[in-house]
Amino acid sequence: MTQKIRVTDDVLRSIPDPGQGAVLPKDGETNILITSALPYCNNVPHLGNIIGSTLSADVFSRYNRTRNRRTLYICGTDEYGTATETAALKEGITPRELCDKYHALHKETYEWFDIGFDLFGRTSTAKHTEICQSIYLNLGQHGYLERQIKDQTYCEGCKKFLADRYVEGICPHCNFIDARGDQCDGCSRTLDAIDLIEPRCLIDKTHNVVAHSSSHMYFKLDAAQPALEDWIKKSWKKGKWSPNATINADGEIVDARMKSGLKPTPVTRDLAWGVPIPPLGREDDKEMGGKVLYVWFDAVIGYVSITGEYTPEWKQWWLNPDNVRLYQFMGKDNVYFHTIYFPAMLLADGSNWTTLHHLSTTEYLNYEGGKFSKSKNRGVFGPAARETGIPASVWRYYLLSTRPETADAMFSWADCIAANNNILLKNFGNFVNRALKFLSAQYDSVLPESGDAPGPLSPNDPLDAEFITDVNTLLKDYIDAMESVKIRLGLQTVMLISSRGNGYLQASGLNKTLMTENPQRCAQVVSRAVNLIYVLSALIYPFMPATSDALLLQLNAPARVVPEVLSTDILAGHQIGQPDHLFKNIDEKMEQVWKVRFGGDESAKKEEEAPTSKRKAKKAGAVNAAPNGVVVSGPKSPEVIALEAKILEHGQVVRGLKENKEPKDVVDAAVTELKRLKGELVLLQKSAAQ
C-alpha cells in the first residue's frame, strides 16, 4: 500500500518500544530512568497492585518514548527474606523454586496487560549480591554502620526469628490491635517488631513468640539525616514532588520520624535466604557470620542491580545525576523507603548516585465496596483478568481512568462496562471508525487532495479556526498533564480530543451529500480528521498500546511522536488500511456474572439473603422471573445463579462466533449448547417453584 507521510523529526518516533534493544543515556539530552516498586515474590498481583505502580510507570515510560526521549523502565520481583522462606515451607518447596514460580506468574500477568518493561528482573542474582555488598561496605567504610545487640522476635514453635511482616500485635503508639512488625496501619509509623505488645506469629497464632537477643549491624540514619534533609528540600523543589507523607505542598518536612530525629535502623537479619554479609575488616565481623542483609536494605538496591542485568553499562544510568532524571512509582505505603531510606543510603555511600527526581504515588484501589482479598477470593487477581474476555486495552483504560491519585478509589463492574460501552466505543471508537470508513467507501481508501499544505494547520483557517485552536489547546493540556505525571488527567484529555473530533465531523456534515455538493470541503474534512486520528495514535499509545497499534495498522502509518499542534502529516495520495471496530460492546448483564464470580466466599451468601421490604421483594420477584415466564418466589438458589452466569457467558461466546463469522457448524453447535443450558435452567426453576 502507498504511504505518503511527512517524514521529519517532529513527526516520526525514533525511540523503540520497551524491551526492543538496549538503551543508554546520552549526555546533553533528557534521559528518563523509571522504576516501579518491586512486587514481593510470594503472591499474585491484583488490580490494585497493577494500577499502584507497574501500569502507571508503564504509561509514563511510553509517554516519554512518544517524545523521543531515551527511556529505561526497570522492575522485577523482590525475592529475599523470611516471608519467602516461610511461604516456601508452606508449599513444600525451596525458596528458589518458590521465587521461580512467582516470578514467572508476575511476568506473565504484566505481559498480558501490555506492561512493557525494558527488563523485568529479580533480586536473587549474583549482580544483586555484588552491588548490595559494595554499598554495604561503603557505608561501613564511611562510618555509617554500627553493631548493636538487641532483642528480636523469635517463634518457639517455628524455631526461627520472624520477619517483621510475620509478626502482629498491638501498636505501642496508638494501640491499633493488628499492627504489623514493620509498620502500623493505624498510625502509619514504622515499628520494630520487638516493641509490639502481645506479639503473635502469623504462621501459627498458637505459637509462643518471645524475645531473643542477637548482634546486628545498624545503618546510622541519624548521622545521615542532615545531608538527607538538605537533599529532600532541593529535590522536592527541582522535581516538583506532589505532597506526600514526607514533605507537604509548602516544602515542609512532615514525616514524624524525621521531625523527632531518625534513629539507627537494622540492615542485617538471622536468615539463610538473602544476600550474605561481607566482612568489613573489623573485630565484630565474626558476629555477623551466617547473617544476611535485611530485605528492606537489599530490595531498593534491586532497581540498580536489575539495571546491571540489563546492561553492563548500568553506571551510565545510576551514576549520572547530571544527565538522568529518576522517576519512581509506588503505592502510598512505600513513600518512606523511597524518599528517606533509599536516598539516605545512596548519600551515605559516597558515590555520585542518580537520586530521585520525581515520585508518583497512588492511594488504594478497593473492590466493590471492600478490599481485594486473595484468601477470600475477592477481587480480580493476575491471570483472572484475561478469563473475563475483556481485552487488556479496556482493562488498562478503566484502571487508569479511576487511578487513585489523591484518594482511595473503588473498582466497580458497572463502571468498567460503562467505560467501554459509553466512552471507548461511542466516543473514541466511533470517531475513528466513522472517518476511516467514509474514506474507505467514498475514496477507495486513498486520501484525497485537500488543499492543505504539509505541516501545521493555521489557527486562522477560515473554516476550521475554532476546531484547530481547540485541538491545539487540548494538546498543550495533554503535554502539561503528562509532564507533571498527572496520568488520569492526561487520559481524560485524550478522550476530550476524540470527542472534539466527533463534534467536528458532525458540525461539518460529513456525508455523501457534502462530497457531491462541495468535494473540496469534503476532502479537507476527511484529511483533517485522518490527521487527528494519527495524532490520537500517539496520545493513546501510553495508555492503550494495542489500540495505538490497531490505529496505525488501519492508517497504514508508522509510529509517531506527540505533536504540539495539529498538522497535515498524512498527505494526499496516502492509502489507508482496512477500517475495523476498535472496541466491542460488553453485555451489561455480565456485571452480575462477574460480581458473583469474583465476589469471594460471601457473594453466594449475599445472593441468598431474602429482601427486607415489600418493595425489595417485588423487585426480587421481577428479577427472578425467567424469560419463559416461570417465576420463582423468594431468592435464587446458588445453583440457579451459577447456571444463569454460565448462560450469560455462553451467550457472549455465541455472539462472538457470529460476529467473527465462524463456520455455520461451529455456530450451530454453540447455539445448541446455549439452548440446552436454557432448558436446564427452566427445569431447575420449575423445580424451585414447586
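**Close-up 1. Strands E2 and E3 in a parallel sheet.** Strand E2 (residues 70-77) runs parallel to E3, and four bridges join the two. Ile74 has Leu119 of E3 opposite it. Strands here (E, at least two residues) and helices (H or I, at least four) are DSSP runs numbered from the N terminus, and two strands count as paired if DSSP finds at least two bridges between them. The wider setting is an open sheet of five strands with parallel pairing, in the order E3-E2-E1-E13-E14. Its edge strands, E3 (119-122) and E14 (356-362), each pair on one side only. On average, neighbouring strands of this sheet are turned by 25° against each other, direction ignored. Helix H3 (residues 95-112) packs on the sheet and touches E2 and E3, its direction making about 165° with that of E3. Contact means heavy atoms within 4.5 Å; axes are lines fitted to C-alpha atoms, for helices over the stretch in contact, with angles from 0 to 180 degrees between N-to-C directions.

A note for all views: this is a predicted model, in which local features need pLDDT of at least 70 and side-chain atom pairs count only at pLDDT 80 or more, while totals for chains, interfaces and linings use all residues. Residues are numbered from 1 along each chain as its sequence is written, and side-chain values use heavy atoms, leaving out hydrogens and water.

**Close-up 2. An antiparallel sheet with helix H9.** Here four strands form an open sheet in the order E5-E4-E9-E10, with antiparallel pairing. E5 (160-161) and E10 (265-266) stand at the edges with a single partner strand each, so one side of each lacks a neighbour in the sheet. Look for the 11 bridges that join E4 (residues 145-155) to E9 (residues 209-219); Glu146 has Tyr218 in E9 as its bridge partner. Helix H9 (residues 335-349) packs on this sheet, touching E9 and E10, and its direction makes about 40° with that of E9.

**Close-up 3. Helices H14 and H16 side by side.** The axes of H14 (residues 487-508) and H16 (residues 519-539) come within 11 Å and cross at roughly 170°. The two helices are therefore roughly antiparallel (an angle over 145 degrees). Among the residues that meet are Val494, Ile497 and Leu505 in H14, and Val525, Leu532 and Leu536 in H16.

**Close-up 4. Cysteines without a disulfide.** The structure holds zero disulfides, a disulfide being a pair of cysteine sulfur atoms within 2.5 Å. The sulfur of Cys41 lies 4.2 Å from its closest cysteine sulfur, in Cys99, too far for a bond. For Cys201, the closest is in Cys155 at 3.9 Å, again too far.

Technical notes. Angles under 35 degrees count as roughly parallel, over 145 as roughly antiparallel, 65 to 115 as roughly perpendicular and the rest as oblique.
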